[in-house]
Every structure is written in structure tokens, then in C-alpha cells.
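Thanks for coming, everyone. Let me put the model on the screen, and then we will walk through it piece by piece.

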Amino acid sequence: WKFWTWETYYQDCRAFAKSLISLELKPFSIVNILGFNSPEWLISDNGAIVGGFIAAGIYTTNSAEACQYISAHSKAAVVVLEDNKQLAKYASIDPTSLPDLKAIVIWLEDPDPKHVSKLKIPVYTWANFLKLGVNITDAQIDKNSALIKPGNCSTLIYTSGTTGPPKAVMISHDNITWTVSNMVLNYFPEPNPLNTTDKVVSYLPLSHIAAQLIDIHVTMLFGGCTYFCQPDALKGSLTATMRDVKPTVFFGVPRVWEKIQEKMAQMGRATTGIKSYISMWAKSVGRENSRLAQFGNSGGHPFGYGCANSLVFSKIKEALGLDKCRAAFTAAAPISIDTLNYFASLDLPVFEVFGQSECTGPHTVGIHSEWIIGTCGRPMLGTHSKLSKENGELCYTGRHIFQGYMYMPDKTAETFDAEGYLKSGDVGEFDEHDKPDVPGPSGFLRITGRIKELIITAGGENVPPVLIENEMKANMVALSNVIVIGDKRKYLTMLVTLKVDIDPETAIPTNKLAADALFVAGQIGSTATTVEQAAADPLWAKYIDEGMKKSNSRTASQAQTVQKWKILPVELSEKAGDLTPTLKLKRNVVQAKYADLIEKLYED
């Protein structure tokens, strides 16, 4: 490990800011950052802020066209890149389409001359760029910093674009400082506040608000340490880093938790004899411990907890690198109850957070003693919530609400209601546990679906697809994705994908069934080892039929039962454009891609 002290980090940020000033950038000019999580990413981000400029991250998986859109839309003056792979994207862009771009910086390696030759602007190495500002005085930096007001824009978060071109969410300095202070002070209060011994691991895209908030700003407030994972973290090295670092706060999008669950379930199936019995007994103790720990129950530990913790829980936490973890969170996409219950049974509660870029990350937060599985916790203190009488949409307001979408006043106006509340786009419901001193609903929030994703059948029934999809996956361990179809249709159908191995080099799904799917194949007597073989095997058809029937038996109404299904030939992936960088489903994209297949499900 190479460490930065906070003083060294601060001075590096000032040096970066001086170099930006040396380029004679106008106040509030935009600096794009494109690369995997690293100290240079944070230095570029906070260096821009210190200099009186605005940072805007770009997802590393973005195509050249997507990069061009963001740099052109934001009128970027400087683009900071990780390596030549990212530089090649900008070398392929028509330079006249980026008239505001003055310089490119590359931090990991020397720029490739063949790429540089195609660009009409200077391309600097990291070291050479920092030399540009040696003649800029500290007084000039301080002058720029003094001009910054709490209500000025601090950073741009570009939405992942599930329903159209990305929008630039403008987050102010006050948005960030208020939200971070709220999180740290209210969810980690005395006598055990977050402090300089606390650690986080940085691996999720820093262009996303959740990673920025935790990895950059939360740790800054309490003086903790951010450890940067390897670029292949999500391909397998994350757990090794976690075992080394032992983070005290950990955040994972649902797919990360699901992958950990899958791996642990595979190991569990290989356990036999007395070890298997002890494991099952410990999980039963863990489930009871989880029940007692949730809001409204007595707290404390059930009989046998100490033994279960010593024999099982402590060893699992140590193997995952979570043995020092004070709180584990999830957000950014729906997570299944099955996954939450699984970790709770291992004495690893995963707290759900609801929020969005437009509210600087969190709006409701679950935490120890304020936690009910299946809910996203309560609204943060100092915020106000309400549910639309028209459609149940969650709307809210507070100092965490963004300034608007840059250069999109019409889109900004559309996202607020007549009373100035942000419209979340999600249908929600609060339980009865309101706090008496808080205006509006303040119980535990449960999200039932996205308004844009809500299926309205031919019979006029409103169907939230995510709840059905999670139920299907919970009952069929071999399925990786389920997409329910049925808008303006007489009945529901679903597209499903089987769990397959992912190529570790390209991150592209193969057609080879993964361990969970092979385990199911063994259970049902199938010899299939590929997606094509499984799709043609009647035993697999029976497996899905039976799982679908079981899931249908738990639906709220007949209109929410699924009648038909089809296995997709290829697993969904970000590379193919099916998922966002935070691994959320691009429902419209997938439905358009498989439109012909969907029509065949409704031919009769």
C-alpha cells in the first residue's frame, strides 16, 4: 500500500488546482474525470473544487460517443484520463465537437503518440501537468476558493441514462456538506462516532453519487481512510482487498451482494455432515437474532448466539473481510428480500438506502435499531416526505435536493411538483411507525416500483414488475435475470436468463452454465452445461414451470401471475448495453432488443 496523509492529499489538490488556473480557465469551468478509482481521481475532483471549478465524472465503460456527449454537453475545459484506452476514445472524436476543451491529462501511463497526433490540444502526463502551476501563488488559490458560495454547483453527476440521454445533475456545496454531516452525525452518533480509525474500500464507479459521497466526502468529514481496490475488483479481487483492509463501513449495489451470496451458497452446498448441520443450526439462530434486532422487537441475542457466532458467523465475516464492519449498506437498485434475509441469517445485516442523484444520494436510511428488512429505513432528519394522492409517487424536499439539470430547465421543472417537492419517480408506502415530532410520513419506507416501469395490463390492472421478478429469482436459484412483460397485454410473460460464467478478461458473459445453474441441473437430472442445451431440455422447462407456479401462488392478484416464459440466448450485461454502469436493468433496451421473441409469447 502507498498512503497519503490528509495534509499531502490537500497539497496535491492545491497543486492540481494551480495547474488548472494556469490554463486560464473561467470560474466554474468543467473538469471531466474518466478512469478507475484512484488517488488521482480524488485529487482531480477536489482539486477542481479547490480551484473554484466543477468536477464531472464519466463512467469508464462509456463509449467514445457517450464520452463526447458528456464532454460537449458540460463544455469541459479539461479532461483527466486514466490510460491510453480512454485516450483512444477522445482521439476518435471530432475535435471540432469539443470547442471548449483546452487540455487532456493522463495519469497512469505516458500518452501514446498515435493518439496524441490525432488531437489538436496538449496531452500531459500527470507529473507534467502538475508542473504547469508552479508559478501560481497560494494567494491566487485562496482568492478563487473565497469566491465559492454554499449554493454554487460543486459537482455534476450524469445520470446513467436508462430512459434517454444522460442528464447533468447539479449538486451544490451545501447539498454535499449538509448530506454528509447528516449521515455521519445522525447514523453514527456518540458514543461510537465514525473516527480516524474507520476505513472504506473504493471500487464502485466514482462518477456515481453513492461512491462519491462515501469514498470522497464522508471519509473527509471524520478523517478516515479510503483504500482503492484493483480495477478487477468486480471480477474477483474485491474480497481479497477487503480481507486485507477490513473496512468498517461497506457499500455494495445489490448485484455485489447477490454475487457474494451465490459464492457462499456454492460453498455451503459443498459442506456435508456435522459441518452442514452446524451451519444450518447457526443460520436458524441468525434468523432469530435478526428478528429481535429489527425495529419494534426486544433486541438482544437469542439462546445459542454466542456459540453460533464463535463457530460460524465470526469465521464467515473474517473470510469476507467484514469482521470489523460497523455497517453495511445497499442502494442504487432493488434488492431481493431473499438476499437480505440470507445475510441477516449470517449476522450480517445489510441496510437499505433509498435515494437518487437528485437528492445527493440518500433520502431514507436503514441503520442499527432503525431497521426492518424489506424497507429502506426512515427519511433523514430535516427532510419532508409525502405520497402523491394521484399515483402514490414518493415526493420529498430538503437541503439535499439538487439545483436542477444543467442546460435542461424544462426537464428540471418536470421533476418538481407544484409545492416544490422532488418527484422521485418511485411508488412507495410508509408503514405506521411515524415519529411524533416529524411532519409528514416518517415511518419505514417500502418502494413498490418505478412509475415508468409500472405495467398496466389490457384489463387496466397496475402491476409492479420488480416484486414479481424478485420472487421468481428467489424461487429459482439458476436464474440471473427476470424481465416481466405485459404492458397493454392480456396476460404477463417473462424473459429469463440463466446464470453463466463471465469471461474474466472481457467481462462478457459466456454460454457456459455457472455453478448455481449446474447445481440445479444436477438436481433435476439434466446433463446440460450450456444455455443452448438448457433451453432445449424439457427438464429445464419443467424446473422453470414449477418455479413460476410457486411464485404465482404468492402474488397479490390473478393479474400479477405470469403465464409464459422464454430463456434468452445471452446473459444481460453492461457491455451489451442491457445494464447501466451500476448494473440496473435498462428495461426498454432489453424489450426492444427481443421484441420479436416477446411477440411470439403472445401469438396465441
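In which sense do E4 and strand E5 pair, parallel or antiparallel? Parallel, over three bridges, with E5 covering residues 123-125. One caution before going on: this is a predicted model.

Stay with that pairing for a moment. Val 105 has Tyr 124 as its bridge partner in E5. Now look at strand E4 itself, residues 103-106. Ala 103 and Val 105 point one way. Ile 104 and Ile 106 point the other way. All four of these residues are buried. The general background is simple: in a regular strand, side chains alternate between the two faces of the sheet.

E4 also pairs with strand E3, residues 76-81. Those two run parallel and are joined by four bridges. Val 78 stands opposite Ala 103 in E4. How does the chain get from E3 to E4? The path goes through helix H4, residues 84-91. That makes a β-α-β crossover, and the crossover is right-handed.

After H4 and before E4 there is a loop, and Pro 99 lies in that loop. Pro 99 is exposed, with a relative accessible area of 65%. Its C-alpha atom is separated by 8.0 Å from that of Ala 72. Along the chain, Pro 99 and Ala 72 are 27 residues apart.

Back to Val 78. Beyond residues up to four places away in sequence, Val 78 touches Leu 20, Leu 23, Leu 25, Ile 30, Val 31, Asn 32, Leu 101, Ala 103 and Val 105. Val 78 is also among the residues with the most contacts inside the largest nonpolar core. The others on that list are Leu 20, Tyr 203, Phe 250, Trp 257 and Phe 329. The core has 107 residues. Which helix gives the most to this core? Helix H9, residues 209-222, with eight residues. Apart from this core lies another, of 28 residues. Its members include Met 494, Ala 528, Trp 540 and Trp 565. In soluble globular proteins, nonpolar side chains tend to be buried together.

Next, a small loop site. Ser 38 is found between strand E1 (30-34) and helix H2 (39-50). Is Ser 38 buried or exposed? Buried, at 9% relative accessibility. Its side chain makes a polar contact with the side chain of Glu 40, at 3.2 Å. Leaving aside neighbours within four places in sequence, Ser 38 is in contact with Trp 107, Leu 206 and Phe 228.

Now the second sheet I want to show. Five strands form an open sheet, in the order E10-E11-E12-E13-E14, with mixed pairing. The edge strands are E10 (249-251) and E14 (378-379), each pairing on one side only. Inside the sheet, E12 (residues 350-356) and E13 (residues 361-365) pair in the antiparallel sense over four bridges. Gly 355 stands opposite Pro 362 in E13.

Pro 362 comes up again at His 400. His 400 lies in the loop between strand E16 (393-397) and strand E17 (404-405). His 400 is buried, with a relative accessible area of 0%. Which side chain does the side chain of His 400 make a polar contact with? That of His 363, at 3.0 Å. Its contacts beyond four places in sequence include Trp 178, Glu 358, Cys 359, Pro 362 and Met 380.

That brings us to the cysteines. How many disulfides does the count come to? Zero. Cys 359 is in no disulfide, and its nearest cysteine sulfur, that of Cys 376, is 12 Å away. Cys 359 counts as buried, at 0% relative accessibility. Cys 395 is in no disulfide either, and its nearest cysteine sulfur, that of Cys 359, is 13 Å away. Cys 395 also counts as buried, at 2%.

Last stop: strand E18, residues 422-430. Seven of its nine residues are buried, so E18 is largely enclosed by the rest of the structure. E16 and E18 pair in the antiparallel sense over three bridges. Cys 395 stands opposite Lys 423 in E18. Five bridges join E18 to strand E19 (residues 445-450), again antiparallel. There, Glu 429 stands opposite Arg 446.

That is the tour. Over to you for questions.

Conventions: Residues numbered from 1 in each chain as written. Predicted model: local features only at pLDDT ≥ 70, side-chain atom pairs only at ≥ 80, totals over all residues. Heavy atoms only, no water. Buried < 20%, exposed > 50% of the residue type's maximum accessible area, 1.4 Å probe, protein only. Pairing = 2+ DSSP bridges. Right-handed = clockwise from strand over helix to strand, strands pointing away. Disulfide = S-S within 2.5 Å. Polar contact = N/O pair within 3.5 Å; in protein donor to acceptor, adjacent residues only side chain to side chain. Contact = heavy atoms within 4.5 Å. Core = buried A, V, L, I, M, F, W, Y, C linked by side-chain atoms within 4.5 Å.
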